[in-house]
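Reader: Please show me the model, and then explain some of the labels attached to it.

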Amino acid sequence: MIKPTLLVLAAGMGSRYGGLKQLDGVGPQGQTIMDYSIYDAIRAGFGKVVFVIRKDFEKDFNEKILSKYKGHVPVEVAFQSIDDLPEGFTVPEGRVKPWGTSHAIRAARNVVKEPFAVINADDFYGRDAFEVLAKYLQNPTDNYSMVGFQVGNTMSESGSVSRGVCTVDENGHLTDVVERTAIAYDKDRNINFTDENGKEQRLDPKTPVSMNFWGLQPDFFEHVEEQFLDFLKARGTELKSEFYIPTSVDLLIKQGKKVVDVLGTTSQWFGVTYPEDRPGVVAKLAEMHAKGVYPEKMF
C-alpha cells in the first residue's frame, strides 16, 4: 500500500502570525491547529510530513515546531525562496512577496517523490477529511483529487469568507473552481455571495468548496514547472503577482491533461479568520479533547 506524504504550506507563517513565537496555541495544552492536522494525517496513514517554510525561519522552526514531532513523525523541510526561479529569470527589483502556493509546492520538488496531500498550516480540516484523502492516495491512480467541503461547514460567525466554489460533473470530477469573496450569512442564516455583476446569489449549504486540501501525484512537479515558466513570461515583472494551486489545477483540467476527483467529507472546517473566531475555535477543540477525540498529549 502506498504511504502518501503530507505537504504543509507554512512559508507564510511569519507574516500572518508576526513571527513563529506568535504561533497561536488554541488547544488545551497549547496545541496549534497544525498539530491537529499532523496528528490526524499520521493516524489516517500518511507516511511523512514535509513542511515548506522560509529559510530565515529555519532555526526558530526547528526549535519551536519540528522538535516536538521528532520521534513521533518522519519530517523533512523544503524552503520557499523568492529567488528560486528557473534559469534565465530574476526577481524584479522591488518585489518582496513570494510567488504563491503553486511556487510553494514547487519548492518541495526534490523531497517529495510519492503521492501527496497539500494543506495550509493554519486551517483545521478534521479527521474525516484526512481519512478520506489518505484512503484515496493509498491506491494507484493518475488522477488528482480535492477534498470538497460543504460550504455550510466552512463559515465564520464573525464575518464573510472567501471560498473556491466548485462545479462537479455527474462522475464526481471537478470541472470548475471560481473564487467567491464575501460569502456570508444573512439575517435568516442563508448563505449568500455577491457575483461579478454585483448581484447577490444564494449558495446551498452543501455546495462543495475548495479549502486548499488537494491530493496530487508526483507528475504535478513537471506540470507546475512548465506553468511557472509561462507565468513568469506573462507576469514575472509584476511586484505582487502570485501563482496559485487552484489556477494550476484548473489549467490542467481545461487542457484535458488531468482528471480531478472531488471527495466528499463530513468534516467541519474552522480557522481563525477573524480575531473574534478564536474563542469559538478554542471551545470546539476543548470539547473534542473532553470527548476523547484527541488525547491530552498528542506529541
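The exchange below covers helix packing and one pocket.

Author: This is a predicted model, in which local features need pLDDT of at least 70, side-chain atom pairs count only at pLDDT 80 or more, and totals for chains, interfaces and linings use all residues. Residues are numbered from 1 along each chain as its sequence is written, and side-chain values use heavy atoms, with hydrogens and water left out.

Reader: Why are α2 and α3 called roughly parallel?

Author: The axes of α2 (residues 33-44) and α3 (residues 58-69) cross at roughly 25°. Angles under 35 degrees count as roughly parallel, over 145 as roughly antiparallel, 65 to 115 as roughly perpendicular and the rest as oblique. The pair α2 and α3 is therefore roughly parallel.

Reader: Which residues make that contact of α2 and α3?

Author: With contact meaning heavy atoms within 4.5 Å, Met34, Asp35 and Ile38 of α2 meet Ile65, Lys68 and Tyr69 of α3.

Reader: What makes α2 and α5 oblique to each other?

Author: Helix α2 and helix α5 (residues 127-137) pack at about 40°, with axes 9 Å apart. That angle falls in none of the named ranges, so α2 and α5 are oblique to each other.

Reader: What is the make-up of the lining of the second largest pocket?

Author: Lining residues have an atom within 4 Å of a pocket point on a 1 Å grid. The lining of the second largest pocket divides into five nonpolar, seven polar and four charged residues. Its largest share, three residues, comes from helix α8 (residues 278-290).

Definitions and conventions: Axes fitted to C-alpha atoms, helices over the stretch in contact; angles between N-to-C directions. Helix = DSSP H or I, 4+ residues; strand = E, 2+ residues; numbered from the N terminus. Nonpolar A, V, L, I, M, F, W, Y, C, P; charged D, E, K, R; others polar.
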